[in-house]
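Got your viewer open? Keep the selection tool handy, and let's take a walk through this one together.

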Amino acid sequence: MGTSDSYEPNSVTGAAGYVLEDVPHLTDYIRDLPTCQNPLQDNPSYSVVKQYFVNADDSVAQKIVVHKDSPRGTHFRRAGPRQKVYFEPDDVHACIVTCGGLCPGLNTVIREIVCGLYHMYGVKKVLGIDGGYRGFYARNTITLTPKVVNDIHKRGGTTLGTSRGGHDTNKIVDSIQDRGINQVYIIGGDGTQRGASVIFEEIRRRGLKVAVAGIPKTIDNDIPVIDRSFGFDTAVEEAQRAIHAAHVEAESVENGIGVVKLMGRYSGFIAMYATLASRDVDCCLIPESPFYLEGPGGLFEYIEKRLRENGHMVLVIAEGAGQDLLSESIQSMGKQDASGNKLLQDVGLWISQKIKDHFSNQTKMVMNLKYIDPTYMIRAVPSNASDNVYCTLLAHSAVHGAMAGYTGFTVGPVNGRHAYIPFYRIIERQNNVVITDRMWARLLSSTNQPSFLSAKDVIEDKREDELPTQMLDDEQYSDDNNMVNKDFSHAL
């Protein structure tokens, strides 16, 4: 029953350049699996729905802006309930695990997986794995029912606990096998999804009838392919509170400078969107956009200019920005946390001190600087209304996929429609702000800050990022700011 062959990506081609990057299915390695009718067809809550089930051939296009002669391009299998399912509800023994850092919406996803399994499919056996991946073999489990999870969405954090690292594939799969678990829901960022991919590979190698579904979680919004990650909306909303506080502090004193450090280890989406939303920011620094401090066109010159013009300024900096400028950065090069993320120096404290030193040593201007780091306050809040709805759709899409026998997939919206995406597409690269895109230009126009790029830098950047007509693949939030205004009500 087991198989030693590693999973090969399954691409299906069609007319006019159509490509479906399909996700694995249990029947790929377990033959003659029985099916049964989807219990949703007898669910009174769904009796008003005109079409219960997603058509087996439905797919979602990765790119929706094309020329008239362009090929149809890459598609993903559309998420949603299928007419036939591969698990009898009474036979399902599901588990949920949360890994990595905290993020608004974790408890909502947990709640909706449990309630979705229970109310839509009649599944009664759901376990919560305590404390991340290592909880599979080192911690107790938590029995989850709709009553247990009823109010957890009103609280921040994760009711299951979390941790970084602790991924021992064989121990995890042994635990899954020993407990009789046959559906695994894994909530976490790109590192967690890599771990989920390895778990799927080992389950497949052993020939186990176990569906592995990933729900992508990263507050930085740095997961590719999908429109956005859950918790991002809430993070931007909360970040504005810190920016507003910095603005109040700065404008209340002579030559006041408010510095706010926001999340964004490799991607500056939170800093960029919070800056655009607040309209109080004079300069935004992100990891994707290099900057320099001294000399013509440098940051110090711009700060002096803004203080002379306005008497105050607000600077927002993402945690991963300017790491190459930190004098101590060499000490942390190569060091990683338990999740494999590069350890960063505190750029907020560093740049605050650099600004103070510049004004005390090289200018005669009086300056008052206030530094705010709201990172852990933002991570710990409950999700807002928009993220709560989004988390519900993610959870239900994952449940529908697992019940239909799909495995080795991550779920998420692609151009507003939820889809099942192979693990390898989620973990192959990170989603970054494209600084030659119109959205970054809008930010520069809003803050009036210099780009800190020479003409040579711009040309090189365009060569790296340019894709004919397909540049929207890397600028998922460009022309119409569709990320903020998505109507997720018809995502399924």
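Here is a short tour, from the whole chain to a sheet and then to a pair of helices.

Before you click, know that this is a predicted model, where local features need pLDDT of at least 70, side-chain atom pairs count only at pLDDT 80 or more, and totals for chains, interfaces and linings use all residues. Residues are numbered from 1 along each chain as its sequence is written, and side-chain values use heavy atoms, with hydrogens and water left out.

**Stop 1: everything.** Show the whole protein as a cartoon: there are 15 helices and 17 strands. Helices here are DSSP runs of H or I with at least four residues, strands are runs of E with at least two, and both are numbered from the N terminus. Of the 492 residues, 56% count as buried, meaning under 20% relative accessible area, while exposed means over 50% and partly exposed is in between (1.4 Å probe, protein chains only).

**Stop 2: a sheet.** Strands of a sheet pair through backbone hydrogen bonds, either parallel or antiparallel. Select β13, β14, β12 and β15, and you'll see 4 strands in that order forming an open sheet with parallel pairing. Two strands pair if DSSP finds at least two bridges between them. Which strands stand at the edges? They are β13 (283–285) and β15 (368–372), each with a single partner strand, so one side of each has no neighbour in the sheet.

Now zoom in on β12 (residues 256–262) and β14 (residues 312–318): they run parallel and are joined by 7 bridges. Click G256 and you'll find its bridge partner in β14, H312. Add helix α7 (residues 299–310), which packs on the sheet and touches β12, β13 and β14. Touching is contact, meaning heavy atoms within 4.5 Å. The direction of α7 makes about 145° with that of β14; angles run from 0 to 180 degrees between N-to-C directions, and axes are lines fitted to C-alpha atoms, for helices over the stretch in contact.

**Stop 3: two helices.** Select α1 (residues 106–121) and α11 (residues 385–403). How far apart are their axes? They are 8 Å apart, and the helices pack at an angle of about 50°. That makes α1 and α11 oblique to each other (under 35 degrees is roughly parallel, over 145 roughly antiparallel, 65 to 115 roughly perpendicular, and the rest oblique).

Finally, click V389 in α11. At 48% relative accessibility, V389 counts as partly exposed. Its C-alpha atom is 9.0 Å from that of T108, although the two are 281 residues apart along the chain.
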